[in-house]
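User: Please take a close look at one part of this model, namely a residue in the interior and the helix that carries it, and then set that part against the packing and the charged pairs elsewhere in the chain.

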Amino acid sequence: NKQRQETQFSTTYKKNLERTVKKADKEKLTDTIYAFCYTDLDRRICINTIYDGKEPPYFTLYDGKDIEYPLQEYKLPNGQLLRVPPLKNSYYQSLYNSIVFPRTINIEKVDVAEIDSQIVRILKRWFIQPENYFIMARNYIKFTWVYERFRRSPYLYVFGDYGTGKSEWGKFIAWMCQYGLVLDDVTAAALARILDMTNCSVLLDEGDYIDGPESDKIRRILRNGYARNGNYIVTEQDGKKTYTPRVFLVDQPKIIIKRRWTKDDALASRMIPFRLLPHDKEIPRSMRRDDESSWEKTLKSEMADLASLMLSWRWQNIFGRA
């Protein structure tokens, strides 16, 4: 029954995504865009979505001094109107249910040591890894909350044999990243649109399809997305004989899950690798979680508190020049 439900959810999710993509394509000539976060460092604009699961989601606007909220839309310097992704849209609704959002506004200064401690505490409760893996994980999570400050965006690459826990390790990290979204079996066209439409950090689970039929297109997205403001450009038919170039922003942080190391040397140079090995015999019974469905809900609630702290830390650092 669980497998059937997961299959039904996956099918419904893909249909909703296709429907939303088609609608977005039809509206591409309008001046309205949707995204969960937006930053313009030069103009000191930092916009993030707050959602507590009860009240409607809303934007916060931070300019380096003051915080303005709740906002449902904001006029960007280029004339476009940025709006909170619609909760009632079936596709975005699935995102609201899966992404861990900041749910409160914390204006107090946050100590980075406190953030490090909370991240590692959550990970160590569920995983046995080398100590340097926890250090890399916590730093990458923090990176995603201020990635706009960097000229390059390296990717986390988690690989290992079946049963080593690579998907779980990647998902836990992704949930603590800035608007971390888990994707499975996504096409190049859908990936480019999702990144451009949401501005989320993404995890490509079971990413062996990167070496599949559309491997060249997906790897081009990943190579271009390594640089700040990296774009993926496609030519789309507009009418019978007219072709128009379409540009997608694809520079958001990414986590890739695969069974083997990549054969693409250019892509490998952009990776921070995690190689996972079996540790099952070493795991004490106290760390083995039960099958209660509530464990993930409780975990994500704890991560939402962390996300609220991370958002405050983001505001403290996004416009800094040190």
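Analyst: L222 has a relative accessible area of 0% and therefore counts as buried, a class that covers values under 20%, with exposed meaning over 50% and partly exposed anything in between (1.4 Å probe, protein chains only). The model is a predicted one, in which local features need pLDDT of at least 70 and side-chain atom pairs count only at pLDDT 80 or more, whereas totals for chains, interfaces and linings use all residues. Residues are numbered from 1 along each chain as its sequence is written, and side-chain values use heavy atoms, with hydrogens and water left out.

The residue belongs to helix α7, where helices are DSSP runs of H or I with at least four residues and strands are runs of E with at least two, numbered from the N terminus. Between the C-alpha atoms of L222 and P253, which stand 31 residues apart along the chain, the separation is 9.9 Å.

Helix α7, spanning residues 215-224, also holds D216 and R219, which lie three residues apart, about one turn of the helix. The side chains of D216 and R219 form a salt bridge with an N to O distance of 3.2 Å; the term requires a side-chain nitrogen of Lys or Arg within 4 Å of a carboxyl oxygen of Asp or Glu. R219 is itself buried, since its relative accessibility is 16%.

By this rule the model has eleven salt bridges, and others join parts of the chain that are distant in sequence. D116 and K142 meet at 2.8 Å, N to O, and this pair spans 26 residues, from helix α3 (residues 112-126) to helix α4 (residues 131-144). D116 is buried at 13% relative accessible area, and K142 counts as buried at 10%. D116 and K142 also take part, with R138, in a network of salt bridges. R314 and E148 form a further salt bridge at 3.0 Å, N to O, and here the partners are 166 residues apart, with R314 in helix α9 (residues 294-317) and E148 in the loop between α4 and β8 (155-159). R314 is buried with a relative accessible area of 0%, and E148 is buried at 5%.

Helix α3, which carries D116, also packs against helix α5 (residues 166-176), at an angle of about 160 degrees and with the axes 11 Å apart. Such axes are lines fitted to C-alpha atoms, for helices over the stretch in contact, and the angles run from 0 to 180 degrees between N-to-C directions. The two helices are therefore roughly antiparallel, given that angles over 145 degrees count as such, under 35 as roughly parallel, 65 to 115 as roughly perpendicular and the rest as oblique. Their crossing is right-handed, meaning that the near helix is turned clockwise from the far one by less than a right angle. At this packing I119, I122, L123 and W126 of α3 meet W169, F172 and M176 of α5, a contact being heavy atoms within 4.5 Å.

For the wider setting, the chain has nine helices and 14 strands, and buried residues make up 48% of its 322 residues. Of the contacts between residues at least 6 apart in sequence, 70% join residues at least 24 apart. The chain exposes about 17,200 Å², with carbon and sulfur atoms supplying 48% of it, by the Shrake-Rupley method with a 1.4 Å probe.
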